[in-house]
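Here are my notes from going through this one, point by point. Have it open while you read.

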Amino acid sequence: MKEIMPSKASDMSDRIHANMYIESCIKTAKTFVGTVAGIKNDLFIKLRKRDTPDGKRRFIPLEWVLSVEGDTVLLSKKAETVRRRWLTKAAVKKHLHKIHKSQSQSKP
């Protein structure tokens with residue numbers, strides 16, 4: 001996964017809140033993907049567990065958000081792609097650790 005930079009993603013995180021619907025939006029076709037449980041570190045959308053096939057916590061990078069329309073988050077990827085590439089809690093933790101480490105190393 002491409003590294004997500006906090007400054008770009010945080011602009012969108014202010015507009016997304018719990019209980020919003022998440023849909024893939026390819027051309028005019030919209031497909032339900034899940035429901036927002038919250039935002040993680042201004043970088044990821046946390047999905048409700050009941051919306052995932054295995055009932056486990058999954059995350060979607062905010063960089064996949066195309067737009068927010070009312071109470072719906074529209075994604076720029078197909079629903080199948082989102083479900084195949086959404087992240088586990090462990091993957092998000094690893095990604096956040098990498099960001100923290102790179103930020104620590106860049107400080108004088």
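1. A word on burial terms before we start, since I lean on them throughout: a residue is buried under 20% relative accessible area, exposed over 50%, and partly exposed in between. Lys 40, with a relative accessible area of 33%, is therefore partly exposed. Bear in mind that this is a predicted model.

2. The overall layout. The protein chain has 3 helices and 6 strands. Reading from the N terminus, the elements go α-β-β-β-β-β-β-α-α, so the strands sit in one run between helices in that order. Of the 108 residues in the protein chain, 39% are buried.

3. Back to Lys 40, which belongs to strand S2. What does Lys 40 gather with on the surface? Its partners are Lys 49, Lys 89 and Lys 93, and together the four form a patch of positive charge. Patch members need over 30% relative accessible area and no salt bridge; Lys 40, at 33%, therefore clears the area cut-off.

4. Just after that lysine comes a spot I'd look at for backbone geometry. Asn 41 is not a glycine, yet its phi is positive, about 55°. Asp 42 shows a positive phi of about 55° too, and is not a glycine either. Where do they sit? Asn 41 is in the loop between S2 and strand S3 (44-47), and Asp 42 lies in the loop between S2 and S3 as well. Asn 41 has a relative accessible area of 46%, which makes it partly exposed. Asp 42 is also partly exposed, at 36%.

5. On to the rings. There is 1 aromatic pair in the structure. Tyr 21 and Phe 32 make it, with 6.0 Å from centre to centre and 70° between the planes. Why is this pair edge-to-face? Because planes over 60 degrees apart count as edge-to-face, and these are at 70°. The pair joins distant parts of the chain, with Tyr 21 in strand S1 (residues 21-26) and Phe 32 in strand S2 (residues 29-40), 11 residues apart. Is the pair buried or exposed? Neither label fits: Tyr 21 is partly exposed at 46% relative accessible area, and Phe 32 is partly exposed at 38%.

6. Tyr 21 has another contact worth a look, this time in terms of the backbone. Thr 72 and Tyr 21 are 51 residues apart in sequence, but their C-alpha atoms are 4.7 Å apart in space. Thr 72 lies in strand S6 (residues 72-75). Unlike the partly exposed Tyr 21, Thr 72 is buried, with a relative accessible area of 17%.

7. How many salt bridges does a search of the whole structure find? There are 2. In one of them, Glu 69 pairs with Lys 30, and the closest N and O atoms are 3.7 Å apart. The cut-off is 4 Å, so this pair qualifies. Glu 69 is in strand S5 (residues 65-69) and Lys 30 in strand S2, 39 residues apart, so this bridge links distant parts of the chain. Both ends are partly exposed: Glu 69 has a relative accessible area of 44%, and Lys 30 has 45%.

8. The other bridge brings together the side chains of Asp 54 and Arg 58, at 2.4 Å from N to O. Its two ends differ in burial. Asp 54 is partly exposed at 39% relative accessibility, whereas Arg 58 is buried, with a relative accessible area of 12%.

9. Finally, a look around Phe 59. Val 92 and Phe 59 are 33 residues apart in sequence and 7.5 Å apart in space, C-alpha to C-alpha. Val 92 lies in helix H3 (residues 89-106) and is buried, with a relative accessible area of 1%. From strand S2 comes Ile 39, which is 20 residues from Phe 59 in sequence and 9.0 Å from it in space, again C-alpha to C-alpha. Ile 39 counts as partly exposed, at 28% relative accessibility.

Conventions:
Residues are numbered from 1 along each chain as its sequence is written. This is a predicted model: local features need pLDDT of at least 70, side-chain atom pairs count only at pLDDT 80 or more; totals for chains, interfaces and linings use all residues. Side-chain values use heavy atoms; hydrogens and water are left out. Rings of Phe, Tyr and Trp (its six-membered ring) pair if their centres lie within 6.5 Å; planes under 30 degrees apart count as stacked, over 60 as edge-to-face and the rest as tilted. Helices (H or I, at least four residues) and strands (E, at least two) are DSSP runs, numbered from the N terminus. Buried means under 20% relative accessible area, exposed over 50%, partly exposed in between (1.4 Å probe, protein chains only). Patches are made of residues with over 30% relative accessible area and no salt bridge: like charges are joined within 9 Å, nonpolar side chains (Val, Leu, Ile, Met, Phe, Trp, Tyr) within 5 Å. Accessible areas come from the Shrake-Rupley method with a 1.4 Å probe; for residues, only the protein chains shown count as cover. Lys and Arg count as positive and Asp and Glu as negative; His and the chain ends are not counted. The place of a charge is taken as NZ of Lys, CZ of Arg, CG of Asp or CD of Glu.
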